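User: Please take me through the helix packing and a few single residues of this model, setting each term against its cut-off.

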Amino acid sequence: MDGRREMALAPTASNPNPFTQLSAHVKNLESGFRSWLARQPMPVEAAVVTATGAIQGAAIGAIMGSVSSEAVLAPPPNVAPEAMGMASLKQAQALAGGPLVQARNFAVMTGVNAGISCVMKRIRGVEDVQSSMVAAFGSGAMFSLVSGMGAPNPVAGAVTSGLAFAIFQGGFFMLGQKFSQSQPQTEDLYYSHTRSMLANLGLQKYEKNFKKGMLTDRTLPLLTDSALRDVQIPPGPRLLILDHVQRDPELTKGR
């Protein structure tokens with residue numbers, strides 16, 4: 001009787017953990033979306049990425065604006081605005097606007113940053129500090145123009161803000177790289193066999209394609225030509241990879 005009760009309470013294939021099932025479903029949707037996006041022309045991908053980044057930025061800005069809405073700066077009583085400096089006052093007010101103002105400002109900033117990053121990665125084929133700084137310059141300049149931080153000289157303010165954003169972004173990018181190099185790469189644990197296979201075939205440059213499509217070591221025995229084509233691997237390398245998988249006894253024994 002106790003054995004039957006334990007079997008009934010234990011998770012089975014017919015009664016999976018709902019949280020695990022939901023997590024797997026979300027990952028599948030994310031993988032499918034990334035795969036679809038990677039197959040789109042650059043303008044389509046850039047537009048989708050920009051819109052997604054803008055929505056995220058708008059949400060963050062709205063929250064920040066709600067928190068700081070009661071702290072909108074105004075000139076102290078009996079003090080002329082000229083004494084404080086109108087430019088400084090406008091800059092402070094731009095950073096302390098209401099929810100709608102901050103939602104607009106952050107939507108522009110994050111959307112432009114995401115869009116430029118996407119275009120730079122498509123053009124240059126790599127995501128490095130130079131691309132990151134270019135994207136940061138564009139987002140900083142647009143943020144200055146939209147928020148009014150650059151008053152009374154919008155052009156000079158946009159250039160100054162763009163340079164400041166680029167310098168900070170470049171510094172954070174390089175700091176993040178150094179930190180990631182000193183820490184074990186958890187994600188890479190899922191691609192160790194894949195990396196070894198690609199190195200043996202001289203196809204190391206396609207490792208990023210596998211990661212973009214979330215083709216981990218566990219998926220190697222399941223690889224098909226269409227799956228490799230979805231992550232934009234050319235026909236020649238696809239044939240070499242599939243032939244290697246078919247010949248590898250460690251991968252075929254589980255089939």
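User: Is the crossing of H9 and H12 right-handed or left-handed, and what makes it so?

Analyst: The structure is a predicted model, in which local features need pLDDT of at least 70 and side-chain atom pairs count only at pLDDT 80 or more, whereas totals for chains, interfaces and linings use all residues. Residues are numbered from 1 along each chain as its sequence is written, and side-chain values use heavy atoms, with hydrogens and water left out. H9 and H12 cross in a right-handed manner; the term applies if the near helix is turned clockwise from the far one by less than a right angle, and anticlockwise would be left-handed. H9 covers residues 192-201, and its axis lies 11 Å from that of H12, at an angle of about 115°.

User: Which residues of H9 and H12 meet?

Analyst: On the H9 side they are Met197, Leu198 and Leu201, and on the H12 side Leu240, Ile241, His244 and Val245, where contact means heavy atoms within 4.5 Å. By class this contact holds six nonpolar residues, one polar and no charged; Ala, Val, Leu, Ile, Met, Phe, Trp, Tyr, Cys and Pro count as nonpolar, Asp, Glu, Lys and Arg as charged, and the others, Gly among them, as polar.

User: Why are H6 and H7 called roughly antiparallel?

Analyst: The axes of H6 (residues 99-124) and H7 (residues 129-147) cross at roughly 155° and come within 8 Å, the angle being taken between N-to-C directions on a scale from 0 to 180 degrees. Angles over 145 degrees count as roughly antiparallel (under 35 is roughly parallel, 65 to 115 roughly perpendicular, and the rest oblique), and H6 and H7 are therefore roughly antiparallel to each other. Their contact includes Val108, Val112 and Ile116 of H6 together with Ala135, Met142 and Phe143 of H7, and its classes are eleven nonpolar, eight polar and two charged residues.

User: How do you know what reach is expected for H7, and what reach does H7 have?

Analyst: The expected span is 1.5 Å times one less than the number of residues; for the 19 residues of H7 this is 27 Å, and the 26 Å from its first C-alpha to its last is close to that. Just after H7, Gly148 takes a positive phi of about 85°.

User: Why is Asn209 called buried?

Analyst: Buried means under 20% relative accessible area, exposed means over 50%, and partly exposed is in between (1.4 Å probe, protein chains only). Asn209, which lies in helix H10, has a relative accessible area of 10% and is therefore buried. Beyond residues up to four places away in sequence, Asn209 touches Val231, Gln232 and Ile233.

User: What makes Gln232 partly exposed?

Analyst: Gln232 has 42% relative accessibility, so the partly exposed class applies. Gln232 lies in the loop between H11 and H12 (235-247) and has a positive phi near 65°, although the residue is not glycine. Met214, in the loop between H10 (207-212) and H11 (225-230), likewise is not a glycine and has a positive phi, of about 55°; with 29% relative accessible area, Met214 too is partly exposed.

User: Which residues does Gln169 contact outside its neighbours within four places in sequence?

Analyst: Gln169, in helix H8 (residues 154-182), is in contact with Ser132 and Ala136, both of which are among the buried residues of H7. Gln169 itself is partly exposed at 30% relative accessible area, and its C-alpha is 9.4 Å from that of Val134, a residue 35 places away in sequence.

Terms used: Helices (H or I, at least four residues) and strands (E, at least two) are DSSP runs, numbered from the N terminus.
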